[in-house]
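Open the model in your viewer with both a cartoon and a side-chain representation available. The stops below say what to select and what is found there.

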Amino acid sequence: MADPILSIRDVSVTFDVRPQGAWPWTPSLKLHAVSKLSVDLMPGETLGLVGESGSGKSTLARAVIGTIPQSGGQILYEGRDLAQMTPQETRRHRRDVQMVFQDPLAALNPRMTVGDIIAEPLITHEPRTPRQEVKSRVAEIMDKVGLLPNLINRYPHEFSGGQCQRIGIARALILKPKLLVCDEPVSALDVSVQAQVVNLLRELQAEMGLSMIFIAHDLSVVKHISDRIMVMYLGCPMEVGPARAVTATPRHPYTQALIASVPIPDPVREAARYRPVLEGDLPSPLSPPSGCVFRTRCPKAQPSCAQARPAMEAADPDRLVACPFQEVEEVLAEA
Amino acid sequence: MKLAQPDAKMLQEVGDLAEVRGRSLWADARARFFRNKAALAGLAVLIGVCLFAAFGGLIAQYERDFVDFSLMGANAYQGSPSIATGHYFGVDIDGRDLYARTVQGTRISLLVGIVGALVAVVVGTLYGATAGYIGGRVDNIMMRTVDVLMSIPFMFVLILMLVIFGRSILMLFIGIGLISWLDMARIARGQTLTLKNKEFVEAAVATGVTPLTIILRHVVPNLLGIVIVYATLLVPQMIIFESFISYLGLGVQEPNTSLGALMSLGTKQMNNGTLWMLFYPLFFFLITLFAFFFVGDGLRDALDPKDR
């Protein structure tokens with residue numbers, strides 16, 4: 001098997017939060033956005049990240065592209081630790097790893113034309129490219145993402161949400177990156193446009209041999225595009241495995257609850273199925289529960305869950321679950 | 001119906017090749033500005049005042065520093081405004097042509113206002129954007145410096161400077177340049193703080209664009225709307241400031257003059273019945289200020305459509 005393009009090892013990301021009205025010398029509170037998370041990404045593979053709001057998906061993505069420093073563990077890109085890269089290696093990492101953002105319009109500078117926006121990574125990394133070539137490459141990539149190249153002089157506010165997201169994808173792909181991080185790229189779009197954008201991403205991935213990290217809180221979208229899925233809760237991995245297996249036979253109680261929350265478009269089956277609904281809210285990441293972070297809302301919680309954080313156990317080959325009481329809920333398998 | 005051959009060809013070109021020119025936000029704002037009648041009137045008056053300041057001297061019949069000794073002290077009954085004598089705006093108490101002096105006074109006052117606004121736009125915007133974008137300790141130090149400078153009573157310092165280093169236009173420009181950018185720096189910093197968390201800035205960071213380029217390419221163009229509005233409102237403020245200094249007799253020195261200095265002379269002679277000495281400079285002072293305010297309001301409405 002090939003070496004992973006991206007290897008995340010025990011990565012933690014914490015933010016300092018100043019308590020309200022604190023003295024300057026009181027220590028900051030630590031917000032644990034991601035804690036001790038490990039996962040590998042193979043070249044050409046798509047990893048789906050799923051979880052509620054506040055589960056650390058976007059933070060992990062920003063740590064991978066290098067805009068937020070990790071506070072523990074290692075992020076290895078092609079075997080090199082992000083935190084110890086030389087300036088040249090950082091430049092190459094910035095070039096090879098690109099990101100597609102959640103809010104399509106906010107991710108585009110309103111004062112720049114679409115052509116300038118798409119060309120920006122190109123003129124940043126290859127400043128000596130002749131103007132004519134920049135223009136032809138912009139036109140080429142616009143064509144590839146399904147935009148008419150004659151719209152090159154338009155401004156972002158003249159486009160629809162789906163078109164804006166295509167512009168964002170074109171900007172991310174113009175340098176032919178190796179890894180594309182998509183942070184909820186479709187959650188701000190209409191359902192019909194969502195499908196177009198997801199299919200576009202799949203086609204481009206197959207064509208360019210991209211690796212992809214795809215974040216969404218919508219399981220059905222993630223299932224459609226991912227090879228593997230990682231379910232996150234409060235910064236911790238709950239379950240990792242092949243997309244089909246995780247959605248068909250979820251083993252972790254949290255994954256089961258997530259899948260149960262996806263409605264089935266059939267009223268009879270929808271009414272008949274067993275739905276464990278999660279009570280309460282996500283606990284505060286400032287003081288996460290001891291042991292298993294999910295135990296406060298888990299239907300199967302035992303006293304022993306508070307003792308130590310459960311290790312990721314291999315359930316099947318390629319499948320890791322962080323719960324000692326895992327079992328397959330057959331009722332849920334239909335979803 | 002079948003299209004004629006050239007028509008079909010043209011359609012093909014329009015559909016495939018011709019690049020569509022987009023409407024930028026600037027173009028939108030320009031259209032909104034030109035629909036605003038009050039702002040347009042203000043702009044017209046402003047252009048008129050600028051033309052008067054620039055070319056008004058060409059039709060003056062006398063040099064601004066030419067003293068007509070026969071009229072000195074006798075201007076109340078021999079030096080009233082008249083086309084026939086060539087003293088369009090009359091003569092002042094020292095027998096100098098008021099028209100030529102008003103032209104020069106307007107020129108100096110406009111210059112002071114525009115220099116002050118330019119310093120504010122260039123220095124204040126870059127300073128504020130840098131402080132806001134870098135953030136943290138650098139931001140703290142830079143903005144506390146601004147706070148310290150703001151807490152100094154500048155009128156007092158400027159008067160001391162003019163007394164110590166001699167009264168000159170250059171000193172006046174330096175003094176006005178020193179204070180004008182402080183407010184602008186605060187405004188630019190506040191706006192930058194909201195801008196730097198926008199996703200397009202994050203996208204630029206993730207691509208590896210350098211901080212300086214991000215400030216110049218992504219932050220400043222998005223600040224410019226507010227900066228322009230504030231600058232047009234700053235110009236009259238600077239003109240008033242300069243007039244006040246000159247009114248005190250500390251600003252522009254003879255034989256040069258400014259609207260404030262002319263008004264100062266005019267008020268001193270009010271009892272002599274030479275009201276034109278006050279009226280003409282005051283007229284140009286007022287219409288300039290009103291025009292700037294109207295243009296500023298129009299620009300604010302045009303650049304910030306959400307606030308209407």
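## Stop 1: helix α6 of chain A

Select α6(A) and show its side chains: A:V193, A:Q194, A:V197, A:V198, A:L200, A:L201, A:L204 and A:Q205 are buried. Looking down the axis of α6(A), these buried residues fall within an arc of 155°, so they line one face of the helix. The model is a predicted one.

Now turn to the other side of α6(A), where A:V191, A:S192, A:E203, A:A206 and A:E207 are exposed. The helix covers residues 191-208, which is 18 residues, and spans 26 Å from its first C-alpha to its last, close to the 26 Å expected at 1.5 Å a residue.

What do the buried residues of α6(A) pack against? Add these chain A elements to the selection: β3 (46-50), α4 (131-144), α5 (161-173), β7 (179-183), β8 (211-215) and α7 (219-225). Then step just past the end of α6(A) to A:G209, which has a positive phi of about 65°.

## Stop 2: salt bridges in chain A

Over all chains, the structure holds 20 salt bridges. Select A:R228 and A:E45, whose side chains meet in one of them at 2.8 Å, N to O. A:R228 lies in strand β9 (residues 228-233) and A:E45 in the loop between β2 (29-41) and β3, so the pair ties together parts of chain A that are 183 residues apart in sequence. Are these two residues buried or exposed? Both A:R228 and A:E45 are buried.

Next, select A:E78 and A:R92, a salt bridge with its closest N and O atoms 3.4 Å apart. Here A:E78 sits in the loop between β4 (72-77) and β5 (80-81), and A:R92 in helix α2 (residues 87-96), so the link joins parts of chain A that are 14 residues apart in sequence. A:E78 is partly exposed, at 34% relative accessible area, and A:R92 is also partly exposed, at 40%.

Keep that selection and add A:K178 and A:D96, which form a salt bridge with 3.7 Å between the closest N and O atoms. A:K178 is in the loop between α5 and β7, while A:D96 is in helix α2, so this pair ties together parts of chain A that are 82 residues apart in sequence. A:K178 is partly exposed at 33% relative accessibility, whereas A:D96 is buried at 7%. Salt bridges that share partners join A:E78, A:R92, A:D96 and A:K178 into one network.

## Stop 3: helix α7 of chain B

Move to chain B and select α7 (residues 154-164), in which B:F154, B:L158, B:M161 and B:L162 are buried. Viewed down the axis of α7(B), the buried residues fall within an arc of 95°, so they line one face of the helix. They pack against α6 (136-151), α8 (169-195) and α10 (211-247) of chain B. The face turned away from the buried side carries the exposed residues B:F156, B:V163 and B:I164. Just after α7(B), select B:G166, where phi is positive at about 90°.

## Stop 4: B:V49

Finish at B:V49 in helix α3 (residues 37-55) of chain B. This residue counts as buried, at 3% relative accessibility. Which residues is B:V49 in contact with, leaving aside its neighbours within four places in sequence? Select B:T106, B:L110, B:I287 and B:T288 to show them. For a distance check, pick the C-alpha atoms of B:V49 and B:A291: they are separated by 9.4 Å, with the two positions 242 residues apart along the chain.

Key: Residues are numbered from 1 along each chain as its sequence is written. Chains are lettered from A and ligands numbered from 1 in the order in which they are written. This is a predicted model: local features need pLDDT of at least 70, side-chain atom pairs count only at pLDDT 80 or more; totals for chains, interfaces and linings use all residues. Side-chain values use heavy atoms; hydrogens and water are left out. Buried means under 20% relative accessible area, exposed over 50%, partly exposed in between (1.4 Å probe, protein chains only). Helices (H or I, at least four residues) and strands (E, at least two) are DSSP runs, numbered from the N terminus. The arc is that of the directions from the helix axis to the C-beta atoms. Contact means heavy atoms within 4.5 Å. The expected span of a helix is 1.5 Å times one less than its number of residues. A salt bridge is a side-chain nitrogen of Lys or Arg within 4 Å of a carboxyl oxygen of Asp or Glu.
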